[in-house]
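Q: Please give a close account of one part of this structure, a hairpin of two strands, and then connect that part to its surroundings. A reader new to the structure would welcome a full and orderly answer.

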Amino acid sequence: VGDIGNEYVFKQPSEDQAILSTQFPFEVIVAEDNGLEAKIILKNKMLIPESANKLLKEEQEKIVDFRYRKAQRSEKKVSYIIETEISISKNSKNIHFSTKVNNVAKDHRLRVVFPTNIISETHEADSIFETVIRPNKVSNYWQNPTNPQHQQSFVNIHDNEHGVTISNIGLNEYEVVDDKICLTLLRCVGEMGDWGYFPTPDAQCIGEHVFNYAFELHANELDRIKSYHRAHQLGVPFIAKQTDIHEGRLQTSHTFIKIRGLMFEPTALKRRSKDNALILRGYNLGNQEVGLEIFKDGKVPKQTLNLLEEPIDDNKKHLKAYEIRTVEI
């Protein structure tokens with residue numbers, strides 16, 4: 001769709017209609033198909049307006065509030081190619097997407113839309129040290145006809161029977177529209193938007209981009225929480241190190257730290273700089289008190305800390321709703 005807003009606020013032109021990739025011819029290529037992985041490449045070739053029309057520049061320079069702008073999209077069209085690699089692995093619970101575009105258009109927003117067929121009044125999204133619950137519909141006082149929101153790693157919509165989690169790497173804007181989860185890939189605008197006119201040509205995002213995101217179905221609350229953990233893991237690459245032959249006592253199968261408590265989401269594991277102590281930090285994914293036990297080599301943590309990593313007198317085996325917990329191991 002068109003975007004005549006600014007870096008702060010999205011604004012679709014009044015007469016604009018969404019252009020869907022399904023309105024154009026597409027090509028499907030089977031790139032991989034074996035016992036471990038299946039992969040297809042979906043190529044969409046669309047025609048979209050090259051920018052907004054000339055009126056937008058005039059309205060920007062006159063500092064016309066975005067709510068009252070009359071600019072529309074240009075009648076001149078450009079070819080817009082979207083290539084998406086869709087893959088599923090034997091040992092993975094989700095479907096992974098990697099979308100590539102060479103953005104040649106201005107003043108528009110590109111989104112991927114996931115219809116879910118799930119009717120719910122609220123949804124959940126990953127925030128900073130919190131899984132936030134938000135209403136799907138805005139209040140009657142909200143004037144902007146759209147309702148984009150911020151996320152960190154995932155957004156989820158579910159009912160009493162099943163749900164959908166959409167995870168991402170670095171794609172922080174989404175919107176829930178009826179039963180659809182809309183994930184923003186690009187917002188391309190030409191001004192910052194504030195008390196004056198500040199052109200930001202780089203914010204048109206011209207050039208090549210790659211977007212990574214994933215789709216996962218779940219059947220119950222337990223699977224939903226596990227999908228949140230996997231969403232956080234999506235952005236953390238697997239690291240391996242080849243060693244030489246040496247003596248040692250490590251078991252062939254070993255977990256460095258064991259955590260009993262599904263609602264606990266680890267966010268950091270590090271060595272403290274002043275004394276090399278091992279520090280683990282995480283938080284409660286939910287809004288209810290839950291149990292938590294942490295072990296390393298069969299031993300419990302040495303000390304509970306605050307966020308400044310100073311000792312506090314709190315070694316309870318429970319996490320309060322949304323609580324952040326830091327421990328020295």
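A: In this predicted model, Tyr 174 stands opposite Leu 183 in strand β12. This pair belongs to the contact between β11 and β12, where 4 bridges join the two strands. The two strands run antiparallel. Together, β11 and β12 form a hairpin with 2 residues between them. In the turn, Asp 178 has a positive phi of about 55 degrees.

Strand β11 has a further partner in strand β8, which covers residues 149-150. Here 2 bridges make the connection, and β8 and β11 again run antiparallel. Within this pairing, His 150 stands opposite Glu 173 in β11. Strands of a sheet pair through backbone hydrogen bonds, either parallel or antiparallel.

Both strands of the hairpin also take part in the largest pocket, since β11 (173-177) and β12 (180-188) are among the elements that give two or more residues to its lining. That pocket holds about 1100 Å³ of space. Of the 36 residues that line the largest pocket, the closest to its centre are Leu 20, Ser 21, Arg 111, Val 112 and Val 113. Besides the two hairpin strands, the elements that supply two or more lining residues are β2 (37-49), β3 (77-89), β4 (95-103), β5 (108-115) and β13 (207-218). The largest share of the lining, 8 residues, comes from β5. By class, the lining of the largest pocket has 23 nonpolar, 8 polar and 5 charged residues.

The range of β12 ends at residue 188, and this position is a cysteine, Cys 188. Cys 188 is buried, with a relative accessible area of 0%. Which cysteine sulfur is nearest to that of Cys 188? It is the sulfur of Cys 205, 4.6 Å away. A disulfide requires two cysteine sulfur atoms within 2.5 Å, so the separation of 4.6 Å between Cys 205 and Cys 188 is too far for a bond. The count for the model comes to 0 disulfides. Unlike the buried Cys 188, Cys 205 is partly exposed, with a relative accessible area of 22%.

Beyond the largest pocket, the model has a second largest pocket with a volume of about 560 Å³. Of the 19 residues that line the second largest pocket, His 229, Gln 233, Glu 265, Pro 266 and Thr 267 are the closest to its centre. The elements that give two or more residues to this lining are α2 (221-234) and β15 (264-271). Strand β15 gives the most, with 6 residues. The lining of the second largest pocket divides into 12 nonpolar, 5 polar and 2 charged residues.

Helix α2 also takes part in the lining of an enclosed space. The count comes to 1 cavity of 30 Å³ or more, and about 30 Å³ of space lies in the largest cavity. Its lining consists of Asn 94, Thr 165, Ser 167, Glu 216, Ser 227, Arg 230 and Ala 231. Strand β10 (163-168) and helix α2 each supply at least two of these residues, and the largest share, 3 residues, comes from α2. By class, the lining of the largest cavity has 1 nonpolar, 4 polar and 2 charged residues.

Strand β15, a contributor to the second largest pocket, belongs in turn to an open sheet of 4 strands. The order of this sheet is β15-β16-β21-β19, with antiparallel pairing. Strands β15 and β19 (303-305) stand at the edges, each with a single partner strand, so one side of each is left without a neighbour in the sheet. On average, neighbouring strands of this sheet are turned by 25 degrees against each other, direction ignored. At the β19 edge, 3 bridges join β19 to strand β21, residues 324-328, and the two run antiparallel. One of the residues in this pairing is Gln 303, whose bridge partner in β21 is Glu 328.

A last detail concerns helix α1, which covers residues 55-61 and contains Glu 58. At 41% relative accessibility, Glu 58 counts as partly exposed. The C-alpha atoms of Glu 58 and Ala 71 are separated by 9.1 Å, and these two residues are 13 residues apart along the chain.

Notes
Residues are numbered from 1 along each chain as its sequence is written. This is a predicted model: local features need pLDDT of at least 70, side-chain atom pairs count only at pLDDT 80 or more; totals for chains, interfaces and linings use all residues. Side-chain values use heavy atoms; hydrogens and water are left out. Buried means under 20% relative accessible area, exposed over 50%, partly exposed in between (1.4 Å probe, protein chains only). On a 1 Å grid over the protein atoms alone, a cavity is a set of points where a 1.4 Å probe fits but cannot get out, and a pocket is an open set with protein on both sides within 12 Å along at least five of seven lines; lining residues have an atom within 4 Å of a point. Grid points are joined across faces, edges and corners, and a volume is the space filled by probe spheres set on the points. Ala, Val, Leu, Ile, Met, Phe, Trp, Tyr, Cys and Pro count as nonpolar, Asp, Glu, Lys and Arg as charged, and the others, Gly among them, as polar. Two strands pair if DSSP finds at least two bridges between them. Axes are lines fitted to C-alpha atoms, for helices over the stretch in contact, and angles run from 0 to 180 degrees between N-to-C directions.
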